[in-house]
Amino acid sequence: MNELVQKPWGSYEVLHEDARCKVKKLVVRPGHQLSYQFHYKRQEVWTVVQGTAEVIVGHDQSTIGVGTAVNIQYHVNHRLGNPSEDTELVVIEVQTGEYLGEDDIVRLADEYGRTGPTPATKLDASGVPAEEERDRQGQMRAYPLQDALD
């Protein structure tokens, strides 16, 4: 049995993992949302399998239902939320990339107080990836939260 990881917004379970692919089942509690974030080394596809999701990807915000998939590229700000008052949101997340660790998350906004880079992310004083990170990963595309909501 796979370990169920509890988070402030709900839980996730890793269904499959190999060197370049990880598949998770995310369960988002009613009225909760994941942090507004991006990743340097992975891209993701979210597929809704139960409930309705509010998603932000880059500048686009939408509400999607069962059977709908959303593609999130490297370095693109994104957020997943459950607008329901009484139904859990269940999403299958497929991650692909050169590194799939939980420390490849830069949180830009988070209602649970978990903002900023994870320990593995090196940022300079202006809040962008440190010079060696930019050189290795290329220029990132990050959009302010307010722009994504307008």
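This tour moves from the whole chain to a sheet, then to charged side chains and one loop residue.

**The whole chain**

Begin with the entire protein displayed as a cartoon, keeping in mind that this is a predicted model. Its secondary structure consists of two helices and twelve strands, and if you colour the cartoon along the sequence you can follow the pattern β-β-β-β-β-β-β-β-β-β-β-β-α-α. Switching to a surface display, you are looking at an accessible area of about 7,700 Å², of which carbon and sulfur atoms account for 49%. Of the 150 residues in the protein, 43% are buried. If you draw contacts between residues at least 6 apart in sequence, 65% of them join residues at least 24 apart.

**The six-stranded sheet**

Next, select the open sheet, in which six strands are arranged in the order β1-β2-β3-β10-β5-β8 with antiparallel pairing. Its edges are formed by β1, residues 4-7, and β8, residues 69-72, each of which pairs on one side only. Looking across the sheet, you can follow a twist that averages 25 degrees from one strand to the next.

Stay at the β1 edge and add β2, residues 10-17, whose antiparallel pairing with β1 runs over four bridges. Within this pair, select Gln6 together with Ser11 of β2, which stands opposite Gln6.

**Charged side chains around Glu102**

Now show the side chains of Lys, Arg, Asp and Glu; the structure holds four salt bridges. Which residues are linked in a network of salt bridges? Select Glu17, Lys22, Lys24 and Glu102, which together make up that network.

Within the network, centre on Lys22 and Glu102, whose side chains meet in a salt bridge with an N to O distance of 3.9 Å. This pair links distant parts of the chain, since Lys22 belongs to strand β3 (residues 21-28) while Glu102 sits in the loop between β10 (89-97) and β11 (106-109), 80 residues apart. Are the two partners buried or exposed, or does either fall in between? Lys22 counts as buried, at 6% relative accessibility, whereas Glu102 is partly exposed, its relative accessible area being 30%.

Keep Glu102 selected and add Lys24, with which Glu102 forms another salt bridge, the closest N and O atoms lying 2.5 Å apart. Because Lys24 lies in strand β3 and Glu102 in the loop between β10 and β11, this pair ties together parts that are 78 residues apart in sequence. Lys24 is also buried, with a relative accessible area of 4%.

**Arg42 and Glu44**

Move on to Arg42 and Glu44, where the side chains meet in a salt bridge at 3.0 Å, N to O. Here Arg42 has a relative accessible area of 3% and is buried, and Glu44, at 2% relative accessibility, counts as buried as well.

**The loop after β8**

Finally, return to β8, the edge strand at residues 69-72, and select His75 in the loop between β8 and β9 (78-81). What is the phi of His75? It is near 70 degrees, a positive value in a residue other than glycine. Most residues other than glycine have a negative phi. With a relative accessible area of 9%, His75 is buried, so hiding the surface before you inspect this residue may help; the cut-off for buried is under 20%.

How values were computed
Residues numbered from 1 in each chain as written. Heavy atoms only, no water. Pairing = 2+ DSSP bridges. Axes fitted to C-alpha atoms, helices over the stretch in contact; angles between N-to-C directions. Buried < 20%, exposed > 50% of the residue type's maximum accessible area, 1.4 Å probe, protein only. Contact = heavy atoms within 4.5 Å. Areas by Shrake-Rupley, 256 points an atom, 1.4 Å probe, with all protein chains shown as cover.
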